[in-house]
Amino acid sequence: MPADPARLTPDGPDAPDSAEAAAASGPEYEVELRPQRRLRLWQIAPIVMLAAAGSLMFAFPLAFEFGDGGAVVAMLGFLISCCAGGWGMMAARRVGHTWPGLPARGSGRRPDWRMAALYAVAALAVVALAVYRVARLR
């Protein structure tokens, strides 16, 4: 990007003739006017609050075994935590972030199947451990 504003070409009704402007200004540069896409605080705050509430609902009944209803509260907390995680991933994908091994949205490339399988196995392991722990409460 040029640091000197004199190198930018003027446009509009008061612009000089195009032949004179091309000869006087030198090379033209394109400048992106849109702001960079990134997650904002109003997008992150509800995700973090929902994840914190869900993880507390999941952790306390499992740690302290609050009677017969502990397993139900723990599974509800696990569900809320998973929803917050999915919401966060969708918000991040919307602004252009991707997971390692997965292509950017609209790039036309195929995802690496080994990374997709690794993510699926990790998610299944977390779900299996959670279900196993809650089943042990009964």
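I started with the terms: a residue is partly exposed when its relative accessible area lies between the cut-offs of 20% for buried and 50% for exposed. I should also note here that this is a predicted model.

**Entry: the positive patch**

I looked up Arg93 and found a relative accessibility of 35%, so I wrote Arg93 down as partly exposed. Arg93 sits in helix H3, which runs over residues 70-94. Then I asked myself which residues gather with Arg93 in a patch of positive charge. The companions are Arg37, Arg94 and Arg105, and the patch lies on the surface.

**Entry: the nonpolar patch**

Next came Phe64, which belongs to helix H2, residues 41-64. Is Phe64 buried or exposed? Its relative accessible area is 52%, so Phe64 counts as exposed. On the surface, Phe64 joins Leu56 and Phe60 in a nonpolar patch. Together I have the three down for about 310 Å² of accessible area.

**Entry: the cysteines**

I then turned to Cys82 and Cys83, and wondered how many disulfides there are. The count came to 0. For a disulfide I need two cysteine sulfur atoms within 2.5 Å. The sulfur of Cys82 has its closest cysteine sulfur in Cys83, 7.1 Å away, and that is too far for a bond. Looking from Cys83, the closest cysteine sulfur is that of Cys82, again at 7.1 Å. I checked their accessibility while I was there: Cys82 is partly exposed at 39%, and Cys83 is partly exposed at 44%.

Notes:
Residues are numbered from 1 along each chain as its sequence is written. This is a predicted model: local features need pLDDT of at least 70, side-chain atom pairs count only at pLDDT 80 or more; totals for chains, interfaces and linings use all residues. Side-chain values use heavy atoms; hydrogens and water are left out. Patches are made of residues with over 30% relative accessible area and no salt bridge: like charges are joined within 9 Å, nonpolar side chains (Val, Leu, Ile, Met, Phe, Trp, Tyr) within 5 Å. Accessible areas come from the Shrake-Rupley method with a 1.4 Å probe; for residues, only the protein chains shown count as cover. A salt bridge is a side-chain nitrogen of Lys or Arg within 4 Å of a carboxyl oxygen of Asp or Glu. Lys and Arg count as positive and Asp and Glu as negative; His and the chain ends are not counted. The place of a charge is taken as NZ of Lys, CZ of Arg, CG of Asp or CD of Glu. Helices (H or I, at least four residues) and strands (E, at least two) are DSSP runs, numbered from the N terminus. Buried means under 20% relative accessible area, exposed over 50%, partly exposed in between (1.4 Å probe, protein chains only).
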